[in-house]
Amino acid sequence: MNAPEHRVVCRLDRLLAERGMTLAELAERAGVTAVNLSVLKNDRARAIRFSTLTAVCDVLGCTPGDLLAVAPRRDDGSG
């Protein structure tokens, strides 16, 4: 049985644009690899360390709720 897909979405693109910051700049300032941030930004992450979340939020001046959201459930008609 396959694990259900998560519905957590990342708003990193929007936050970077609002701050006029590149992913590479965030990576350098947060001490996180650009590859890891890219995975997060493109909603391919399956997990995030609290230390990474804290570092990103510190640099962006945001909260985890600004960075991450839960997408609504899709009605697939099976219920």
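1. A good place to start is Glu-18, which is exposed, with a relative accessible area of 54%. That puts Glu-18 past the cut-off, because exposed means over 50% relative accessible area. Please keep in mind as you read that this is a predicted model.

2. Glu-18 has a partner right beside it in the chain: its side chain and that of Arg-19 meet in a salt bridge, at 3.3 Å from N to O. Arg-19 is partly exposed, and its relative accessible area is 32%.

3. How many salt bridges are there by this rule? The count comes to 4. Here the rule asks for a side-chain nitrogen of Lys or Arg within 4 Å of a carboxyl oxygen of Asp or Glu.

4. One of these pairs links two helices. The side chains of Lys-41 and Asp-13 form a salt bridge of 3.5 Å, N to O. Lys-41 belongs to helix α3 and Asp-13 to helix α1, so this pair ties together parts that are 28 residues apart in sequence. As for Asp-13, its relative accessibility is 46%, and it counts as partly exposed.

5. Another pair stays within a single helix. Glu-25 and Arg-29 meet through their side chains in a salt bridge, again given from N to O, at 3.5 Å. Both residues lie in helix α2, 4 residues apart, which is about one turn of the helix. Glu-25 is partly exposed, with 32% relative accessible area. Elsewhere, salt bridges with shared partners join Arg-14, Glu-18 and Arg-19 into one network, and this brings us back to the residue in the opening point.

6. Now for helix α2 itself, which spans residues 23–30. Which of its residues are buried? They are Leu-23, Leu-26, Ala-27 and Ala-30. These residues cover an arc of only 100° around the axis, which puts them on the same side of α2. The face turned away from that buried side carries Ala-24 and Glu-28, and these two are exposed.

7. What do the buried residues of α2 pack against? Their neighbours are α1 (12–19), α3 (34–41) and α4 (50–60). Two of these helices have already appeared in this note, since the salt bridge of point 4 has Lys-41 in α3 and Asp-13 in α1.

8. A last detail to look for in the model is where α2 comes to its end. Just after this helix, Gly-31 takes a positive phi of about 70°.

Conventions. Residues are numbered from 1 along each chain as its sequence is written. This is a predicted model: local features need pLDDT of at least 70, side-chain atom pairs count only at pLDDT 80 or more; totals for chains, interfaces and linings use all residues. Side-chain values use heavy atoms; hydrogens and water are left out. Buried means under 20% relative accessible area, exposed over 50%, partly exposed in between (1.4 Å probe, protein chains only). The arc is that of the directions from the helix axis to the C-beta atoms. Contact means heavy atoms within 4.5 Å.
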